[in-house]
Amino acid sequence: MPRQLDPATREALLARVRFYRDLGLTEFYRRPVDNLNLGGPGLDLETWESNEPQPHTPEESPIAPRKPFPAAPQIAAETLPANRASALQIIRDEIGDCTRCALHAGRNKLVYGDGNPAARLMFVGEGPGADEDAQGIPFVGRAGQLLNNMIAAMGLQRQDVYIANIVKCRPPGNRTPEPDEANTCSPFLFRQIDVVRPEALVALGATAATYLLGQRQPLAGLRGRVHSFRGTKLIVTYHPAFLLRDPRQKKEAWADLQIAMRELGLKPPAKA
Ligand code: SF4
């Protein structure tokens, strides 16, 4: 009879498995990132730290969807309001008090999106955590503070970019969204992308990359190059929550952000 693990041990083991998955160790190799100026000017890796003393257990499982990705509904250009904020509000109104997937059951606040409706750069994460669920705003917890620091290292402010997630309601216990949940919710994200029309997208973590690219691959195989999400440049990097668990990977994340900066023609701010 298999030995039953106590909940704490089981959670610790699951966290360790996620950790290795985050590292792309499902295939026991990591693809090197070539020709990148790691730790370039303007970056103070120490500023990427957050002192907020709260636990966070993100999920970045590269679980593949069990059914084909649905085609993202397009908003016909002639029906788009001239004002992108209004267009985003139309989508928000359509989502309403959503019960389209099981995640609605544990939700306090639906986390729609945040930032500049005409942003040149958009970040996509996995789903809300406890802080986001409480406030209804993406990336406001400890990982959010780190994301803010990453944005600042790029010479931008949070209000310059747009931020959203694959799913808009918090998965219980911060687990990875199930494929049916992600497939049900992500078309709303795709419509937000259609409205914002960023010049570049940054997928934060394996789940965001999986659902934006429509394919499952270890994160290590996706980083370090430019992909396309329906014609928009897409760069894949680590989820900030993973970087909190393993700060050694910040240099690699910075290399990914430098790719996005290069595509946008951005220069890092001069150090004071
Ligand atoms: Fe609706 Fe998305 Fe929330 Fe599911 S996660 S209930 S699809 S808003």
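This briefing describes the fold of one protein chain, its central sheet and the surroundings of its ligand.

The model is predicted, and for that reason local features are given only where pLDDT is at least 70 and side-chain atom pairs only at pLDDT 80 or more, while totals for chains, interfaces and linings use all residues. Residues are numbered from 1 along each chain as its sequence is written, and side-chain values use heavy atoms, with hydrogens and water left out. The protein chain contains nine helices and six strands, where helices (H or I, at least four residues) and strands (E, at least two) are DSSP runs numbered from the N terminus.

**Overall make-up**

- Of the 272 residues in the protein chain, 49% are buried, a term that means under 20% relative accessible area with a 1.4 Å probe and protein chains only, as against over 50% for exposed and in between for partly exposed.
- Among contacts with a separation of 6 or more, 78% join residues that lie 24 or more positions apart; contact here means heavy atoms within 4.5 Å.

**The sheet**

- The six strands form an open, mixed sheet in the order β1-β3-β2-β4-β6-β5, two strands being paired if DSSP finds at least two bridges between them.
- Strands β1 and β5 (226-229) stand at the edges with a single partner strand each, so one side of each has no neighbour in the sheet.
- Strand β1 (residues 114-115) pairs with β3 in the antiparallel sense over two bridges, and G115 has Y162 in β3 as its bridge partner.
- Strand β2 (residues 121-125) pairs with β3 in the parallel sense over four bridges, with N165 in β3 as the bridge partner of G125.
- Strand β2 also pairs with β4, again in the parallel sense and over four bridges, and here M122 stands opposite L201.
- Strands β4 and β6 run parallel and are joined by five bridges, with L201 opposite L234 in β6.
- Strands β5 and β6 run antiparallel and are joined by four bridges, and L234 in β6 is the bridge partner of H227.
- The same two strands, β5 and β6, form a hairpin with two residues between them, and R230 in the turn has a positive phi of about 50°.

**Buried strands and V202**

- Strand β3 (residues 162-165) is covered on both faces, since Y162 and A164 on one side and I163 and N165 on the other are all buried.
- In strand β6 (residues 232-237), five of the six residues are buried, so this strand is largely enclosed by the rest of the structure.
- V202 belongs to strand β4 (residues 200-204) and is buried, with a relative accessible area of 1%.
- Although V202 and F123 are 79 residues apart along the chain, their C-alpha atoms are separated by 4.8 Å.
- Apart from neighbours within four places in sequence, V202 is in contact with L121, M122, F123, V124, I235, T237, L257 and A260.

**The ligand site**

- The ligand is surrounded by C98, R100, C101, L103, H104, R107, L110, K168, C169, T184 and C185, where a residue is near a molecule if one of its heavy atoms lies within 4 Å of it.
- This shell divides into six nonpolar, two polar and three charged residues; Ala, Val, Leu, Ile, Met, Phe, Trp, Tyr, Cys and Pro count as nonpolar, Asp, Glu, Lys and Arg as charged, and the others, Gly among them, as polar.
- The ligand sits in the second largest cavity, a cavity being a set of points, on a 1 Å grid over the protein atoms alone, where a 1.4 Å probe fits but cannot get out, and a molecule sits in a cavity if more than half of its atoms lie within 2 Å of its grid points.

Technical notes. 1 Å grid on protein atoms, 1.4 Å probe; cavity = no way out; pocket = protein on both sides within 12 Å on 5 of 7 lines; lining within 4 Å.
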